[in-house]
Amino acid sequence: MECREKGVLQTVDEYLAGVAEPARGMLMKIRAAIRLATPREATEVISYGMPAFKHKKVLVWYAAFKNHCSFFPTAEVMDEFKEELKGYTVSKGTVQIPLDKAVPVALIKKMVKLRVERSERKGR
């Protein structure tokens, strides 16, 4: 059962409903890319106030901000994609995608797949 307590978001759909365009459309593309790269059993949750995908533990997060959307695949994963991330504003564990730039769907899927692989390996 889903509920909302005192303004606290309980579902990803609630989060997305509160995001204006063009950021909402961008988040929907990011969400779809993540979904394609995660195990079927992965669930969507709100973690740290942001949408996230979880499979045994939280794998990745994504969120909307004033002038960009961010994708949070973890610093460990981002280290493997330094060349492909040139042209984006990045910080430890975060990629910023400007609202006027196309969502790098293929890159997001590759990063999520690596995150899942590393998460599974650590879980053994």
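Buried means under 20% relative accessible area, exposed over 50%, and partly exposed in between, with a 1.4 Å probe and protein chains only. This is a predicted model, in which local features need pLDDT of at least 70 and side-chain atom pairs count only at pLDDT 80 or more, while totals for chains, interfaces and linings use all residues. Residues are numbered from 1 along each chain as its sequence is written, and side-chain values use heavy atoms, with hydrogens and water left out.

**The whole chain**

Begin with the entire protein chain in cartoon view. Its secondary structure comes to four helices and six strands; helices (H or I, at least four residues) and strands (E, at least two) are DSSP runs, numbered from the N terminus. Along the sequence the pattern reads α-α-β-β-β-β-α-β-β-α. The C-alpha trace spans about 40 × 40 × 25 Å along its principal axes. For 124 residues, a compact globule would have a radius of gyration near 14 Å, and the 14 Å of the protein chain agrees with this. That radius is taken over C-alpha atoms, and the globule rule is 2.2 Å times the number of residues to the power 0.38. Of the 124 residues, 45% count as buried.

**Pro22 and helix 2**

Select Glu21 and Pro22 next. The peptide bond between Glu21 and Pro22 is cis, with omega near 5°. Pro22 belongs to the loop between helix 1 (12–17) and helix 2.

Continue to helix 2, residues 23–37. At 1.5 Å a residue its 15 residues should span 21 Å, and the end C-alpha atoms are indeed 21 Å apart; the expected span is 1.5 Å times one less than the number of residues. Which residues of helix 2 are buried? They are Ala23, Met26, Leu27, Ile30, Arg31, Ala33, Ile34 and Ala37. These residues cover an arc of only 165° around the axis, and therefore lie on the same side of helix 2; the arc is that of the directions from the helix axis to the C-beta atoms. Colour Lys29 and Leu36 separately: both are exposed, on the other side of helix 2.

**The hairpin of strands 1 and 2**

Move to strand 1 and strand 2, which pair in the antiparallel sense over five bridges; two strands pair if DSSP finds at least two bridges between them. One place to inspect is Glu44, whose bridge partner in strand 2 is Phe53. The two strands form a hairpin with two residues between them, and Tyr48 in the turn has a positive phi of about 55°. Most residues other than glycine have a negative phi, and most peptide bonds are trans.

Keep Tyr48 selected and add Trp61. How is the aromatic pair of Tyr48 and Trp61 arranged: stacked, edge-to-face or tilted? The pair is tilted, at 6.3 Å centre to centre and 50° between the planes. Rings of Phe, Tyr and Trp (its six-membered ring) pair if their centres lie within 6.5 Å; planes under 30 degrees apart count as stacked, over 60 as edge-to-face and the rest as tilted. Tyr48 lies in the loop between strand 1 (43–47) and strand 2 (50–55) and Trp61 in strand 3 (residues 57–64), so the pair ties together parts that are 13 residues apart in sequence. Tyr48 counts as exposed, at 73% relative accessibility, whereas Trp61 counts as buried, at 15%. A search of the whole structure finds two aromatic pairs.

Step next to Lys56, in the loop between strand 2 and strand 3. Lys56 has a positive phi of about 75° although it is not a glycine, and at 71% relative accessibility Lys56 counts as exposed.

**Strands 4, 5 and 6**

Select strand 6 (residues 94–98) together with strand 4 (residues 68–72): these pair in the antiparallel sense over four bridges. Within this pairing, Cys69 has Ile97 in strand 6 as its bridge partner. Add strand 5 (residues 89–91), which runs antiparallel to strand 6 and is joined to strand 6 by three bridges. Here Ser91 has Thr94 as its bridge partner in strand 6. Strand 5 and strand 6 form a hairpin with two residues between them, and Gly93 in the turn has a positive phi of about 85°.

**Final stops**

Show the side chains of Tyr88 and Lys101. Lys101 lies over the face of Tyr88, at 4.0 Å from the ring centre; a charge sits over a ring if NZ of Lys or CZ of Arg is within 6 Å of the ring centre and within 35 degrees of the ring normal.

Finish at Lys86, in the loop between helix 3 (75–79) and strand 5. Lys86 is exposed, with a relative accessible area of 58%. The C-alpha atoms of Lys86 and Gly49 are separated by 28 Å, and the two residues are 37 residues apart along the chain.
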